[in-house]
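I opened the notebook to record what I looked up in this structure, entry by entry. The sequence and the model come before the notes.

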Amino acid sequence: MKNKYLYIQTFGCQMNVHDSEQMAALLAPGGYKVTDNVKLADLILLNTCSIREKAAQKVYSELGRLGKFKEQNPDLIIGVGGCLAQHLGAKFYKRIGHLDFVFGTHNIHRLPEIITSLQSKREKITKVDFYKTLNSIGIYAPPANGAVNAFVTIIQGCNNFCAYCVVPYLRGPEMSRPADDIIEEVKKLTDQGIKEVTLLGQNVNSYGKNLKNGLNFTGLIRKIGEIAGLERIRFTTSHPRDLSEELINCFAEERKLCEHIHLPVQSGSNRVLKLMNRGYTVDEYMEKIDHLRRVCPQISITSDIIVGFPGETERDYQETIDMMEKIRFDSAFSFKYSERKGTAAEKLAGKIDECERQQRLKYLQELQNKHMQERNAELIGSCQELLVEGRSKNSENDLMGRTRSWKIVNFKGELDSVGKLLNVTITKAYLHSLRGKLLEEAGNVN
Ligand code: SAH
Ligand code: SF4
Ligand code: F3S
């Protein structure tokens, strides 16, 4: 079979990153090899995101740029998948005339059939139906050469309908994958050298709600913890409302569960949280943070925050700042509110102007950077277990690994330690990384 080249570009969240891996895996039997040289491409896929207007604009401008490759090579196929594709469907062709196909978030499994059909007949194909099945998650993507960690999707969709968010409309209702399928996939990955898995979903702690007599999320973690050869378990994202005591305690009890939780708070004002339809108060959130730190003092806590939500007053904003001062997140993604069509927040009064949103974001990010730097500095002198991922991005001679708390550590070491657990002492702290000095091999714990 003649080799063909696939150029795939991913926008958006980790879920999209993993969906792209699944797309590449599905197309491999048809002879498609992934390339990062767009000039070689026979097929270009953009896996798109629509979470904020800026994310959508990035996709349009990239598609505009790619149009010239189509002029040079009329056989080139260009398609879009992901959340913006789900949102626009056939309307995408009105914006981007040179697109050949559009496939939505529940139609990843139909990619091979779409490509075969386009190869015999050039007619635009649009597949954006939702299904009450899990066909588009759990497609096995073999790990890349030398990879030590992998994503595993455990739940599709979201039922939460936070007032600002498009995800429930674009990914459909929540549906959990049977535990046996997940465990089989983790075992397969472990057999192929994977040491760390990240369990993926928009709200992983809802896992199991639609499964009769199945495991809940904590039960699933414990079961995965039994898999020999697997060293570390992570998950993302969890909703604060659904973070159970059982799961909090699991951080102390399950050795393989890493001490990091991404727990998006969104706002530090009860009034705004209510308008956002988040289903918890600031006090309830703080209590969960206290509980997490009590059972697991070394846990790292990261978050997402939105500024300038409709109706957010100076005082509401100040409450967010005060909350951040109390919690001191290890890291936080912060965003200016972006209006999305069809969401409940679109209809709310009290829109905040761009200049004000920008100012609120700027100060909040400066504060977060200060906290990040301080929290990293607190680790100087401590001993940390690293899973070595590969060469450092900063220097050819250094290696990079992550602590159990998900911090990046660069250190001097031998390339054959990739995939191993090593202990280092932290010697320096920067904003986005740490520097470490090798102690001795942590040893295989299994
Ligand atoms: N399911 C995850 C988040 C998915 S989106 C969760 O609930 O935590 C990632 C982040 O984007 C959200 O946590 C939120 O902070 C941000 N976000 C979502 N919609 C947004 C919007 N319309 N404007 C600005 N930020 C938004
Ligand atoms: Fe969006 Fe809320 Fe669902 Fe997260 S939990 S994906 S923010 S609706
Ligand atoms: Fe974007 Fe969809 Fe993820 S909107 S953030 S790609 S779920």
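Is W406 buried, partly exposed or exposed, going by its relative accessibility? I looked this up first, keeping in mind that the model is predicted. W406 has a relative accessibility of 34%, so it counts as partly exposed. I located W406 in the loop between β16 and β17 (408–412), and I noted that its phi is positive, about 80 degrees, although the residue is not a glycine.

Entry on backbone geometry. Most residues other than glycine have a negative phi, and most peptide bonds are trans. I therefore wrote down R328 as well, which counts as partly exposed at 21% relative accessibility. Its phi is near 55 degrees, a positive value in a residue that is not glycine, and R328 sits in the loop between α12 (314–327) and β14. I also recorded a cis peptide bond, from T236 to T237, with omega near 0 degrees; T237 belongs to the loop between β11 (232–236) and α9 (245–253).

Entry on T403. I found this residue in strand β16 (residues 398–403), and with a relative accessible area of 0% it is buried. I then asked which residues T403 is in contact with, leaving aside its neighbours within four places in sequence. They are R232, R234, Q384, E385, L386 and V409. Closer along the chain, the side chain of T403 makes a polar contact with the side chain of S405, at 2.7 Å.

Entry on domains. I noted that the chain is divided into domain 1 (4–127), domain 2 (142–258), domain 3 (267–276 + 288–378) and domain 4 (383–445). The C-alpha centres of domain 1 and domain 4 are 36 Å apart.

Entry on ligand 1. I counted 15 residues around this ligand, and the closest are Q202, P264, Q266, D304 and S338. By class, its shell divides into 6 nonpolar, 4 polar and 5 charged residues. Domain 2 (142–258) and domain 3 (267–276 + 288–378) each give at least three residues to the shell, and the strands β13 (300–307) and β14 (331–336) each supply at least two. I looked next at individual atom pairs. An oxygen atom of ligand 1 is 2.7 Å from an N or O atom in the side chain of Q266, while a polar side-chain atom of R52 lies 3.0 Å from an oxygen atom of the ligand. A nitrogen atom of ligand 1 is 2.8 Å from a polar backbone atom of S338. Taken alone, ligand 1 exposes 550 Å², of which the protein buries 89%.

Entry on ligand 2. Around it I listed C158, N160, F161, C162, Y164, C165, V167, P168, Q202, H239 and R278. This shell divides into 7 nonpolar, 3 polar and 1 charged.

Entry on ligand 3. Which residues surround this ligand? I read off C13, N16, C49, S50, I51, C83, V167, R171 and Q202, a shell of 5 nonpolar, 3 polar and 1 charged. At least three of its residues come from each of domain 1 (4–127) and domain 2 (142–258). Going back over the three ligands, I noticed that Q202 is listed for ligand 1, for ligand 2 and for ligand 3, and that V167 is listed for ligand 2 and for ligand 3.

Entry on helix α8. This helix (residues 217–225) is mostly covered, with 7 of its 9 residues buried, namely F217, T218, G219, L220, I221, I224 and G225. I looked for what covers these buried residues, and the cover includes α7 (179–191), β10 (196–200), β11 and α9. At the N-terminal end of α8, N216 acts as a cap, with a side-chain oxygen 3.2 Å from the backbone nitrogen of T218.

Entry on I139. I placed this residue in the loop between β6 (125–127) and β7 (149–153). Although I139 lies in a loop, its relative accessibility is 12%, and it counts as buried because the cut-off is under 20%. Apart from neighbours within four places in sequence, I139 is in contact with Q22, L26, I108 and H109. I also noted that the C-alpha atoms of I139 and E113, which are 26 residues apart along the chain, are separated by 15 Å.

Definitions and conventions: Residues are numbered from 1 along each chain as its sequence is written. Chains are lettered from A and ligands numbered from 1 in the order in which they are written. This is a predicted model: local features need pLDDT of at least 70, side-chain atom pairs count only at pLDDT 80 or more; totals for chains, interfaces and linings use all residues. Side-chain values use heavy atoms; hydrogens and water are left out. A residue is near a molecule or strand if one of its heavy atoms lies within 4 Å of it. Ala, Val, Leu, Ile, Met, Phe, Trp, Tyr, Cys and Pro count as nonpolar, Asp, Glu, Lys and Arg as charged, and the others, Gly among them, as polar. Domain bounds come from an automatic or database domain assignment. Helices (H or I, at least four residues) and strands (E, at least two) are DSSP runs, numbered from the N terminus. Buried means under 20% relative accessible area, exposed over 50%, partly exposed in between (1.4 Å probe, protein chains only). A polar contact is a pair of N or O atoms within 3.5 Å; within protein, one must be able to donate a hydrogen and the other to accept it, and residues adjacent in sequence count only if both atoms are side-chain atoms. Contact means heavy atoms within 4.5 Å. Accessible areas come from the Shrake-Rupley method with a 1.4 Å probe; for residues, only the protein chains shown count as cover.
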